[in-house]
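Let's take a walk through a protein model, starting with the whole chain and then moving in to the details. Keep the picture open beside you as you read.

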Amino acid sequence: MSTAQQADLLVRNMDWLLTVDPDRRVIRDAAIAVKNGKFAAVGKTAAIDQAWRADRVVDAKGTVGMPGMIDNHLHSSFQLARGLADESNAQSFLFDHMYPYEAVMGEDDVYASVTLAAVEMLRHGVTCYIEPGNYYPDATVRAVMGAGMRMVLATSCFDRNKAVTGLMPDAMIEDTGRCIAKTEELFEKYPGKHEGRLAVSASFRGMNNSSDELILALKGIAQRHNAILQTHACYSYFTHDASVVQYGMPEIERLESLGVLDENMLVLHGGWLEPHEIALLARRKPTIVCCPSSSLHNGYGNFTVGKHPELMALGVNVSLGADHASSGTVDLVQEMRNCVYGYKEIRLNPRLMPPEQAVEMATINGARGAGLADRVGSVAAGKEADLVLFDATVSEWQPLYNPVSNLVYSATGNTVKHVFVGGEQVVRDGRLTRVDENEIMREVVKAGERITGRLNMKKVMKLRWPVE
Ligand SMILES: [Zn+2]
């Protein structure tokens, strides 16, 4: 008599599985069983075959498995800005390129942009991301949930249009009360919906355009809902300098003086820190989100002056973010490589940032940053079954001696084959299962045409060669 237990799904014969579980087990000839959306068992295929059966079985021969990756910072509404903010310093990036772009977007444009972002993230093995906020949260939710991803939602909050860094478009500024009210609305509307795939956060997007009153009010809301509070901070010399001019102190010190720094805070970038701010971060332990391509693309110096390796050594949780398509890639696999390459080179030290550390940043550290460490971020019994399988039969994965090395130093997200969220297959053979990618691409082209019709393209796009 068979004593095998019934599962909903078995994925068996993975060549390698990087679990990122508490013991960081790497399993050869691996299999998982999924029941009710969660991993029920993780182990060798032979052992899982003996103990489990299921109606649905995926043969994963020739693949390397890992937990679904978690992008801790991605402006999904910037996906249509690819190629529109090149060779721009930090100030010009925001005030000459991204804010004008964002100010001309309507709800249908944001929907097209977020849909494209969701397609790109899932195709590259990202199963959950943190949205820093745009002006159309409902369209954002529709697009992301429609594709089958997880997300941490926020709405955009700025309550001061004037900073020493520049003047923001009027369309993006709301008064403090409005920012607070619309953040409250998200917490009333969304928690508990979408099968637990959606969490809500509070976000003041830029410190120099946010009043103390707004920051404190949003912290209060986040605390009441046990949610994370996020903000961009220290992403370049210019946000640092502006904070010192406007508030008499740099950004992390300002957050400390307001009493909002704690483990439920997400500091986006954190690349420009004064020595005492490193000590503050080590004491308060917010998550710092390193955004490699964002800094490398326009030379913001987050590697040159950044302290992410030291912060990790001090016990601070550091995760990864692709930030936006404005810097090209929205692929956390490439961000892992950008991060370790950047720090090894700038510090002239190959020992810095081994690939295992990059994989932790993209998985379990990202889960902590999202406030979801008990639910996702590793392949372990009891966690939600978010699993990515790479096609390890393609050239960039061969020869396959060391799967962690190949993943970080050689592969790209394009080699993702299958992706599961909560045990549901949302990518099959590199294509999304829930949505029609061809239809999405047609809508993206239309949205791009709408946006280029509203923007002064000569100002935002640089193409130095003659176009016929
Ligand atoms: Zn950002």
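Here is a tour that goes from the overall build to the domains, the core, the sheets and a few odd spots in the backbone.

One thing before we start: what you are looking at is a predicted model. Its chain has 17 helices and 20 strands. The radius of gyration is 22 Å, close to the 23 Å that the globule rule gives for 468 residues, so the chain is as compact as a globular protein of that length. If you drew a box around the C-alpha atoms along the principal axes, that box would be roughly 75 × 50 × 50 Å. Of the 468 residues, 55% count as buried. Now look at who touches whom: among contacts with a separation of 6 or more, 73% are between residues 24 or more positions apart.

Next, try splitting the chain up. The domain assignment gives domain 1, made of residues 5-67 + 377-432, and domain 2, which covers 69-369. The centres of domain 1 and domain 2, taken over C-alpha atoms, are separated by 29 Å. Where they meet, 25 residues of domain 1 are in contact with 29 residues of domain 2. On the domain 1 side, the elements that give two or more residues are β5 (63-67), α15, β18 (416-421) and β19 (424-428). Of these, α15 gives the most, with five residues.

Now for the inside. A general point helps here: in soluble globular proteins, nonpolar side chains tend to be buried together. In this model, the largest nonpolar core has 145 residues, and Ala 118, Leu 122 and Met 336 are those with the most contacts inside it. Helix α3 (residues 107-123) gives the most to this core, with 10 residues. The core also draws at least three residues from each of domain 1 and domain 2. To get a feel for it, click on Leu 122. Leaving aside residues up to four places away in sequence, Leu 122 touches Ala 147, Met 149, Val 419, Val 426, Val 427 and Leu 432.

On to the sheets. As a reminder, strands of a sheet pair through backbone hydrogen bonds, either parallel or antiparallel. One open sheet has four strands in the order β6-β7-β8-β11, with parallel pairing. Strands β6 (69-71) and β11 (198-200) stand at its edges, each with a single partner strand, so one side of each is left without a neighbour in the sheet. From one strand to the next, the twist of this sheet averages 15 degrees. You can zoom in on the pair formed by β8 (residues 150-153) and β11: three bridges join these parallel strands. One residue pair to look for is Val 152, whose bridge partner in β11 is Ala 199.

Another open sheet has five strands, ordered β12-β13-β14-β15-β16, and its pairing is parallel. Its edge strands are β12 (202-206) and β16 (318-320), each of which pairs on one side only. The twist here averages 25 degrees from one strand to the next. Strand β12 runs parallel to β13 (residues 229-233), and three bridges join the two. For an example, find Ala 202, whose bridge partner in β13 is Leu 229. Helix α6 (residues 212-224) packs on this sheet and touches β12 and β13; the direction of α6 makes about 155 degrees with that of β12.

Last stop: the backbone oddities. Most residues other than glycine have a negative phi, and most peptide bonds are trans. So where does this chain have a cis peptide bond? Look at the bond from Gln 398 to Pro 399, which is cis, with omega near -5 degrees. Pro 399 lies in the loop between β17 (387-391) and α15 (403-409).

Two residues are worth a look for their phi angles. His 194 is not a glycine, yet its phi is positive, at about 60 degrees. You will find His 194 in the loop between α5 (176-189) and β11. Asn 226 also has a positive phi, near 50 degrees, and sits in the loop between α6 and β13. Are these residues buried or exposed? His 194 has 15 other C-beta atoms within 10 Å, so His 194 is partly exposed. Asn 226 has 8 C-beta neighbours inside 10 Å, so Asn 226 counts as exposed.

How values were computed
Residues are numbered from 1 along each chain as its sequence is written. This is a predicted model: local features need pLDDT of at least 70, side-chain atom pairs count only at pLDDT 80 or more; totals for chains, interfaces and linings use all residues. The radius of gyration is taken over C-alpha atoms; the globule rule is 2.2 Å times the number of residues to the power 0.38. A residue is buried if 20 or more other C-beta atoms lie within 10 Å of its own, exposed if 12 or fewer, and partly exposed in between; C-beta atoms are placed from the backbone. Two residues are in contact if their C-beta atoms, placed from the backbone, lie within 7 Å. Two strands pair if DSSP finds at least two bridges between them. Axes are lines fitted to C-alpha atoms, for helices over the stretch in contact, and angles run from 0 to 180 degrees between N-to-C directions. A nonpolar core is a set of buried Ala, Val, Leu, Ile, Met, Phe, Trp, Tyr and Cys residues joined through C-beta atoms within 7 Å. Domain bounds come from an automatic or database domain assignment.
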